[in-house]
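Dear colleague,

Please find below the structure that I am handing over to you. I would be grateful if you could read the notes that follow alongside it.

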Amino acid sequence: MMPQTGFLLHGRYQIVQELGSGGFATVYLAQDGRLNGRYVAVKEFNVAKLAPADRGWARQSFQHEASVLSGLNHESIAAISDFFSMGGLDYLVMEYVPGETLTQAWQRAGKRIHPDRMLIWAWELCRVLDYLHRQNPPIIFRDLKPDNIMVMPDGRLKIIDFGIARHFKPGQTRDTHALGTPGYASPEQYRPVQTDARSDVYSLAVVLHQLLTGYDPSLQPFAPLPDVLALSPHVPAHIARAIH
């Protein structure tokens with residue numbers, strides 16, 4: 001049974017409200033009874049929502065996300081504090097990140113982010129991607145998009161949702177699963193090859209392009225991106241070149 005408001009999950013986490021859902025996962029805001037009511041985000045995985053043939057892979061996704069996050073420590077990554085299974089469902093307890101998604105911030109700004117603000121965010125994203133890519137073995141995020149980036153009240157960013165992140169395996173010729181969000185995913189994520197750090201760099205450029213131009217890449221996911229200056233002539237030429 002899915003937890004309702006006020007439900008005490010695992011004898012520790014009191015559900016406050018649902019924050020969002022998608023696919024086979026639902027995220028709840030909860031209070032941790034062992035840590036003086038500190039707010040946490042509880043991500044619930046319900047593989048029963050999937051076709052029987054996909055359930056094994058989905059459970060592996062949960063275990064993988066827990067494994068990946070538990071070994072990371074970076075100010076721009078939502079930290080994991082617990083994971084468990086009960087009632088046929090799997091749960092991942094993470095740091096609660098207040099604020100809004102980068103998509104929401106972009107929309108609130110009229111779908112145009114000033115280049116100065118974009119550069120600050122670009123620097124933060126470059127730092128966290130560099131951290132992931134320097135792990136041994138490197139971790140490839142593979143799904144960098146505005147919906148997976150939170151803007152906190154102080155303006156800093158945190159990336160969330162490591163469901164399809166994976167370790168780069170030297171010698172492996174292709175990815176186990178072709179995943180990613182159309183429009184943001186690099187072309188090689190749809191080919192029989194193994195993705196590496198360059199796929200995240202591609203997705204980063206797509207995100208920055210969207211912030212500056214207002215162009216939503218998901219509307220025509222396999223079309224070439226329009227030139228930055230054609231849509232936003234005020235953007236400094238060297239920034240447009242860097243994104244290109």
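The notes below set out what was found, beginning with confidence and then moving through sheets, helices and cores.

The model is a predicted one. The average pLDDT over the chain is 88, and 91% of the residues score at least 70. Residues 172-178 have a pLDDT below 50; in the model this stretch has 16 contacts beyond near neighbours in sequence.

Turning to the strands, E7, E9 and E10 form an open sheet in the order E7-E9-E10, with antiparallel pairing. Strand E7 (100-101) and strand E10 (157-159) are its edges, each pairing on one side only. Strand E9 (residues 149-151) is joined to E10 by 3 bridges in the antiparallel sense, and Ile149 has Ile159 in E10 as its bridge partner. Helix H3 (residues 115-133) lies across E9 and E10, at about 35° to E10.

A hairpin is formed by E5 and E6, with 2 residues between the strands; in the turn, Gly87 has a positive phi of about 60°. Strand E5 (residues 80-86) runs antiparallel to E6, and 6 bridges join the two. Within this pairing, Asp82 stands opposite Val93 in E6.

Two helices deserve a fuller description. H3 has 19 residues, which at 1.5 Å a residue should span 27 Å; the C-alpha atoms at its ends are 26 Å apart, so the two values agree. Its buried residues are Pro115, Met118, Trp121, Ala122, Glu124, Leu125, Val128, Leu129, Tyr131, Leu132 and His133. The elements that cover them include H2, E8, E9, E10, H4 and H6.

H4, with 17 residues, reaches 25 Å from its first C-alpha to its last, close to the 24 Å expected at 1.5 Å a residue. This helix is mostly covered, with 12 of its 17 residues buried. Among them are the polar or charged residues Ser199, Asp200, Ser203, His209, Gln210 and Thr213. The cover over the buried residues of H4 includes H2, H3, strand E8 (139-140), E9, helix H5 (228-231) and H6. Just after H4, Gly214 takes a positive phi of about 85°.

As to the interior, the largest nonpolar core has 50 residues, of which Leu72, Ile77, Leu132, Ile159, Phe162 and Leu211 touch the most other members. At least two residues of this core come from each of helix H1 (52-70), strand E6 (89-95), helix H2 (102-108), H3, E9, E10, helix H4 (197-213) and helix H6 (237-243). H3 supplies the largest share, 8 residues. Setting aside residues up to four places away in sequence, Phe162 touches Glu65, Val68, Leu69, Leu72, Ile77, Leu132 and Phe141. There is also a second, separate core of 11 residues, which includes Ala30, Val42, Leu89 and Tyr91.

One further residue may be of interest: is Val16 buried, partly exposed or exposed? Val16 has a relative accessibility of 26%, and because this lies between the cut-offs of 20% and 50%, Val16 counts as partly exposed. Val16 belongs to strand E2 (residues 13-22). Its C-alpha atom is 5.0 Å from that of Ala30, although the two residues are 14 apart along the chain. Beyond neighbours within four places in sequence, Val16 is in contact with Thr5, Leu29, Ala30, Gln31 and Tyr39.

With kind regards

Definitions and conventions. Residues numbered from 1 in each chain as written. Predicted model: local features only at pLDDT ≥ 70, side-chain atom pairs only at ≥ 80, totals over all residues. Heavy atoms only, no water. Pairing = 2+ DSSP bridges. Helix = DSSP H or I, 4+ residues; strand = E, 2+ residues; numbered from the N terminus. Contact = heavy atoms within 4.5 Å. Axes fitted to C-alpha atoms, helices over the stretch in contact; angles between N-to-C directions. Core = buried A, V, L, I, M, F, W, Y, C linked by side-chain atoms within 4.5 Å. Buried < 20%, exposed > 50% of the residue type's maximum accessible area, 1.4 Å probe, protein only. Expected span 1.5 Å × (residues − 1). pLDDT = per-residue confidence, 0-100.
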